[in-house]
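Please work through the exercises below with the sequence and the coordinates at hand. Each task is followed by a solution in steps.

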Amino acid sequence: MEASYFLPQDVWNRLEELRAEEEWELAKSTLDQILENAKIAQTDRVPMCQDTGMAVVFVKLGQQVQIVGGQIGDAINEGIRRGYEDGLLRKSVVRDPLFGRVNTGDNTPAVIHYEIVPGDTLSIMVAAKGFGSENMSRLKMLRPSDGLQGVIDFVLESVELAGPNPCPPIVVGVGVGGTMDKVTLLAKEALMRDMNSVNPDPDYATLEEELLEKINALGIGPQGYGGKTTALKVMVASYPTHIAGLPVAVNINCHATRHKEVIL
């Protein structure tokens, strides 16, 4: 519920920062409306967007933690069920993707990713993934010879093809490496980073800045009305890969990049 009502402060600050730098009047007024919408959502405790998303949950389970009293997946889905019901959030999940497409009525099941980590804590990150942006996701199995330029070209092509559909200004998650399934997860996980964070690898930090500059030079602008504020941030995550491969994935968040973490 909080993820749907409250725009993360780091995102809010970034929107205000880019609003101050924007030169195109229509882009300025659009960013003003986005910020006003966020204020109304926070004050009135209503969703900042009518698409309250499909719940994607990242679980980091400390190897010293023992779950008792039931299955953790059941507990997470019960939390999603209660949150979407009590918070009057739109239920958007259908039981079968192809046949019938009957709504489950409670926005479950969530998509849950588990990771076993050292320690005695349990971290649960919930992201409400709207499909205006999710539908703009792309994957490509590049050749190693495509190299860095191939990755840059693919990311720019993906953002340009998305255009106004993901409700820019957007946050762009990029995964590089691994396998077909791993690279898409990397791209989505990258979106969970704080907007003020800097990639710990200096080469990837430079790549993120270059991609952000090139994306904002496309001129798509807020809601597609033009201007230099197309993306708030580009975040890249990488993983070792096969000698014959260079997987790359792009996952986009709209400006309402909704997520909330609890550590137990």
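The exercises go from the whole chain to a helix, the nonpolar cores, an open sheet and a strand.

This is a predicted model, in which local features need pLDDT of at least 70 and side-chain atom pairs count only at pLDDT 80 or more, while totals for chains, interfaces and linings use all residues. Residues are numbered from 1 along each chain as its sequence is written, and side-chain values use heavy atoms, with hydrogens and water left out.

**Exercise 1. Determine how the radius of gyration of the chain compares with the globule rule.**

Step 1. The chain has eight helices and eight strands, taken as DSSP runs (helices H or I, at least four residues; strands E, at least two) and numbered from the N terminus.

Step 2. The globule rule is 2.2 Å times the number of residues to the power 0.38, and the radius of gyration is taken over C-alpha atoms. For 264 residues the rule gives 18 Å; the chain has 19 Å, which is close, so it is as compact as a globular protein of that length.

Step 3. The C-alpha trace spans about 55 × 50 × 40 Å along its principal axes. Of the 264 residues, 47% count as buried (under 20% relative accessible area with a 1.4 Å probe, protein chains only).

Step 4. Take the contacts (heavy atoms within 4.5 Å) between residues at least 6 apart in sequence: 79% of them join residues at least 24 apart.

**Exercise 2. Check the span of helix α2 and find what its buried residues pack against.**

Step 1. The expected span is 1.5 Å times one less than the number of residues. For the 13 residues of α2 (residues 9-21) this gives 18 Å, and the end C-alpha atoms are 19 Å apart, which agrees.

Step 2. The buried residues of α2 are Asp10, Val11, Trp12, Arg14, Leu15 and Leu18. They pack against α3 (25-44), α8 (202-216) and β6 (231-241).

Step 3. Not counting residues up to four places away in sequence, Leu15 touches Leu7, Leu31, Ile34, Leu35, Pro169 and Leu232.

**Exercise 3. Describe the largest nonpolar core.**

Step 1. A nonpolar core is a set of buried Ala, Val, Leu, Ile, Met, Phe, Trp, Tyr and Cys residues joined through side-chain atoms within 4.5 Å.

Step 2. The largest such core has 26 residues, and those with the most contacts inside it are Leu7, Val11, Leu15, Val171, Met192, Met195 and Leu232. At least two residues each come from α2, α3, β1 (54-62), β3 (122-129), α7 (180-190) and β6. The largest share, five residues, is supplied by α3.

Step 3. Apart from this core lies another, of 25 residues, among them Leu142, Val155, Val234 and Val248.

**Exercise 4. Establish the strand order of the open sheet of four strands.**

Step 1. The order is β2-β1-β3-β8, with mixed pairing; two strands pair if DSSP finds at least two bridges between them.

Step 2. The edge strands, β2 (111-117) and β8 (259-263), each pair on one side only.

Step 3. Strands β1 and β3 run antiparallel and are joined by eight bridges. Within β3, Val126 is the bridge partner of Val57.

**Exercise 5. Decide whether strand β7 is enclosed or open, and identify its partners.**

Step 1. Eight of the eight residues of β7 (residues 246-253) are buried, so the strand is largely enclosed by the rest of the structure.

Step 2. Leu246, Val248, Val250 and Ile252 lie on one side, and Pro247, Ala249, Asn251 and Asn253 on the other.

Step 3. Strand β4 (residues 138-142) pairs with β7 in the antiparallel sense over five bridges, and Leu139 stands opposite Ala249.

Step 4. Strand β5 (residues 170-178) also pairs with β7 in the antiparallel sense, over six bridges; the bridge partner of Gly175 in β7 is Ala249.

Key:
Buried means under 20% relative accessible area, exposed over 50%, partly exposed in between (1.4 Å probe, protein chains only).
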